[in-house]
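Please look at the sequence and the structure below before reading on. The report that follows takes up a few of its features in turn.

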Amino acid sequence: TDFNAYAQAMNQRLANRGLASQTIHLQDGIYSPIPEADFHLIGPEPPVLILESNPEIAKADRRFRQLTHNLTSTWLANDLWLDRLNLDSGMMYLTYSRGFKAGGLDIRGADIQPFDAELVDNTELGIKIDALDSRLRFNVAAYRMDYTDLQVTVAETAGLTPINYLTNVGEAVIQGLEIELNWAPVDGAVFSLNTAYTDADFIDYNIASTSGVEDRSEEPFPLIPEFTLTLSAQKEWRMGWGFITPRLSYYWRDELYTGQDGDGLKYDSTFIDAQGVLNARLSWQSPDRSSRLSLYVNNLSDEFYYGGGFAISRSYGAALHTVAPPREVGLEFALNW
């Protein structure tokens with residue numbers, strides 16, 4: 001759309017009617033303090049800006065290489081330790097690894113914006129234990145991930161127009177604790193608990209924008225809940241015509257931050273509230289376990305909640321959040337051979 005010509009046509013119409021208000025053209029958009037009827041009477045189609053037949057094509061090229069490593073040391077408890085602790089099996093491990101995500105090219109307005117590769121050094125210490133004739137399993141892991149050039153999506157405001165693009169954060173750290181507990185008090189019954197605590201922090205988060213360099217290191221990590229919890233219970237019954245297994249599971253997560261620009265912390269709409277979902281499943285397996293038919297109900301209580309999204313608060317003062325599915329009923333069939 002030729003917004004300059006559009007604004008001029010509106011202003012001429014206003015002048016013909018003796019009105020002093022003017023239509024203002026700002027950053028590929030128009031602001032029109034006029035009645036709606038005047039807006040539509042300009043014409044069924046707005047003036048079109050004729051582009052050059054030979055537009056300039058921008059090109060760029062980047063290559064990325066990285067040698068990654070994974071070192072793990074494992075200690076298995078011997079019979080002496082197992083007898084002393086009354087365990088069936090025990091294991092401790094320590095791992096150190098490096099992850100690599102290639103960089104690339106993104107569009108920033110009318111320019112090509114290169115972004116660098118992302119590196120992460122992960123250190124993890126874990127313990128795995130079986131006890132009570134393997135009816136109890138306990139796994140715990142503590143980890144720390146040190147990021148260099150973490151890739152993030154940010155929004156920069158040019159006038160009233162937000163520009164979204166990928167760029168790099170200098171340094172960031174994600175560390176936490178994960179716990180898994182499975183208990184089978186009787187044959188066929190299993191109760192499970194999985195929980196995680198995640199502490200994610202930006203260490204060096206300085207973004208270059210049209211207004212200078214902005215320090216955003218105090219922002220929370222987007223879309224990473226601090227706490228999560230999963231509880232489940234199931235019981236299997238053996239019949240002459242197969243196995244019947246009902247299962248209930250509940251998932252809960254902490255609030256989510258969705259900000260993409262530096263003003264996100266100023267608005268409540270940037271945060272998605274904590275939420276929990278209850279799911280149910282009833283499965284039948286054939287006597288030889290080669291086939292399975294399951295009836296499932298996800299979001300059993302039909303909760304309304306948001307599953308994700310993003311907020312561009314500086315230019316729009318609003319957030320776009322995605323509504324998670326309502327109650328969902330389905331059938332699932334599996335065949336093994």
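Is V329 buried or exposed? With a relative accessible area of 57%, V329 is exposed, because exposed means over 50% relative accessible area, buried under 20%, and partly exposed in between, with a 1.4 Å probe and protein chains only. This is a predicted model, in which local features need pLDDT of at least 70 and side-chain atom pairs count only at pLDDT 80 or more, while totals for chains, interfaces and linings use all residues. Residues are numbered from 1 along each chain as its sequence is written, and side-chain values use heavy atoms, with hydrogens and water left out.

**The nonpolar patch**

V329 belongs to strand β22, where strands are DSSP runs of E with at least two residues, and helices are runs of H or I with at least four, numbered from the N terminus. Together with L282, L293, L295, L331, F333, L335 and W337, V329 makes a nonpolar surface patch of about 970 Å². Such a patch is made of residues with over 30% relative accessible area and no salt bridge, its nonpolar side chains being joined within 5 Å. Two or more residues come from each of β19 (291-298) and β22 (328-335), and the largest share, four residues, is that of β22.

**Helix α1**

The 14 residues of helix α1 (residues 3-16) should span 20 Å at 1.5 Å a residue, and the end C-alpha atoms are indeed 20 Å apart, which agrees; the expected span is 1.5 Å times one less than the number of residues. In α1, the residues Y6, A7, M10, N11 and L14 are buried. Seen down the axis of α1, the buried residues fall within an arc of 130 degrees, so they line one face of the helix; the arc is that of the directions from the helix axis to the C-beta atoms. An α-helix has 3.6 residues a turn, so residues three or four places apart point the same way. Q8 and N16, by contrast, are exposed on the other side of α1.

**Salt bridges**

The structure holds nine salt bridges, each being a side-chain nitrogen of Lys or Arg within 4 Å of a carboxyl oxygen of Asp or Glu. The table gives three of them.

| Pair | Closest N and O atoms |
|---|---|
| D130 and R137 | 2.9 Å apart |
| R144 and D146 | 3.0 Å apart |
| K266 and D263 | 3.4 Å apart |

In the first row, D130 is buried at 11% relative accessible area, whereas R137 is partly exposed at 40%.

Methods: Patches are made of residues with over 30% relative accessible area and no salt bridge: like charges are joined within 9 Å, nonpolar side chains (Val, Leu, Ile, Met, Phe, Trp, Tyr) within 5 Å. Accessible areas come from the Shrake-Rupley method with a 1.4 Å probe; for residues, only the protein chains shown count as cover.
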